[in-house]
Amino acid sequence: MTRAKRKLRPGLVIAFVLFAGATGFAVGPYFLLDPSLGRVDLDPAFPMHFPLLLVHIFASFLALAVGWLQFLPALRRSRPGLHRLVGRLYLICIAVGGGTAIVVGAYTDSFIRQMAFLVLVALWFYTTGRGYAAIRRKQHAAHGLWMLRSYAVTLVAATARIVTPFCIAIYAATHGGLPPGGVRSVVSLMLDFNIWLALLINLLAVEWVIAKRLLR
Ligand code: HEM
């Protein structure tokens, strides 16, 4: 019997390209390890600021880069050992990425942004912890659902970058153009709410996916 060919869904391909592009744009400059190329205002009184930011970025990026593999049913079935290994790596990346985010987040000048980071870390640890606890108890279905939620939180970093240009366009349309400071001043305005907006979008999207699965 010939194996039925799996169709690539256009929606998934577009989402993949968008998320990969946003992630590349976010982390790209940091691979050069040059503090002057980053977008974060570093505190000169805290020499560990840049090294910890780099640890945060690389650990979180790794979680994002490997996390989606865990949702491929064929890979899970054919390579359960690999699934466990990548799962452990994902857990470690979140512990390191989340832990360092708490420290670097404390140096962010906006309190609204600081709160967004704290909520994000709390949700990252909570959803991932529930997923891990479920698999320790061999509750496979609950494990899958909590890990979906965990990955939705991981993707917030990319969604925040995807929504920003749309927000700039909405701003320009509703304000009759950009303010005197141009795109830069709108972006700094967006930075206070793009993470909250991305979190809302991702949580609604993942609960919608879960509801659809449960109804099936
Ligand atoms: C989901 C939990 C996450 C939290 C709570 C978090 C938190 C933070 C914090 C506090 C900063 C410093 C921002 C500042 O001082 O202005 C930061 C920067 C950064 N994070 Fe994360 N992050 C998370 C996930 C990720 C992921 C998954 C990636 C991978 C793509 C990532 C990539 C970055 C980058 C590239 C920066 C530098 C800022 C920039 O250039 O735009 N983060 N993050």
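Which residues have the most contacts inside the largest nonpolar core? Select Ala 63, Leu 120, Leu 155, Val 156, Ala 160 and Ile 195. This core has 30 residues; a nonpolar core is a set of buried Ala, Val, Leu, Ile, Met, Phe, Trp, Tyr and Cys residues joined through C-beta atoms within 7 Å. Buried means 20 or more other C-beta atoms within 10 Å of the residue's own, with C-beta atoms placed from the backbone. Helices α2, α4, α5, α6, α7 and α9 (194-215) each supply at least two of the core residues. Helices are DSSP runs of H or I, at least four residues, numbered from the N terminus.

The model is predicted: local features need pLDDT of at least 70, side-chain atom pairs count only at pLDDT 80 or more, and totals for chains, interfaces and linings use all residues. Residue numbers start from 1 along each chain as its sequence is written.

Next, centre on Val 156. Beyond its neighbours within four places in sequence, Val 156 is in contact (C-beta atoms within 7 Å) with Leu 120, Ile 195, Ala 198, Leu 199 and Asn 202.

Now show the ligand. Its shell has 27 residues, each with its C-beta atom, placed from the backbone, within 6 Å of the ligand. The closest are Arg 39, Ser 60, Ala 101, Gly 105 and Ala 157. Colour the shell by type: 18 are nonpolar, eight polar and one charged. Here Ala, Val, Leu, Ile, Met, Phe, Trp, Tyr, Cys and Pro count as nonpolar, Asp, Glu, Lys and Arg as charged, and the others, Gly among them, as polar. Finish on α2, which gives the most to this shell, with six residues.

Key:
Buried ≥ 20, exposed ≤ 12 C-beta atoms within 10 Å, placed from the backbone. Contact = placed C-beta atoms within 7 Å.
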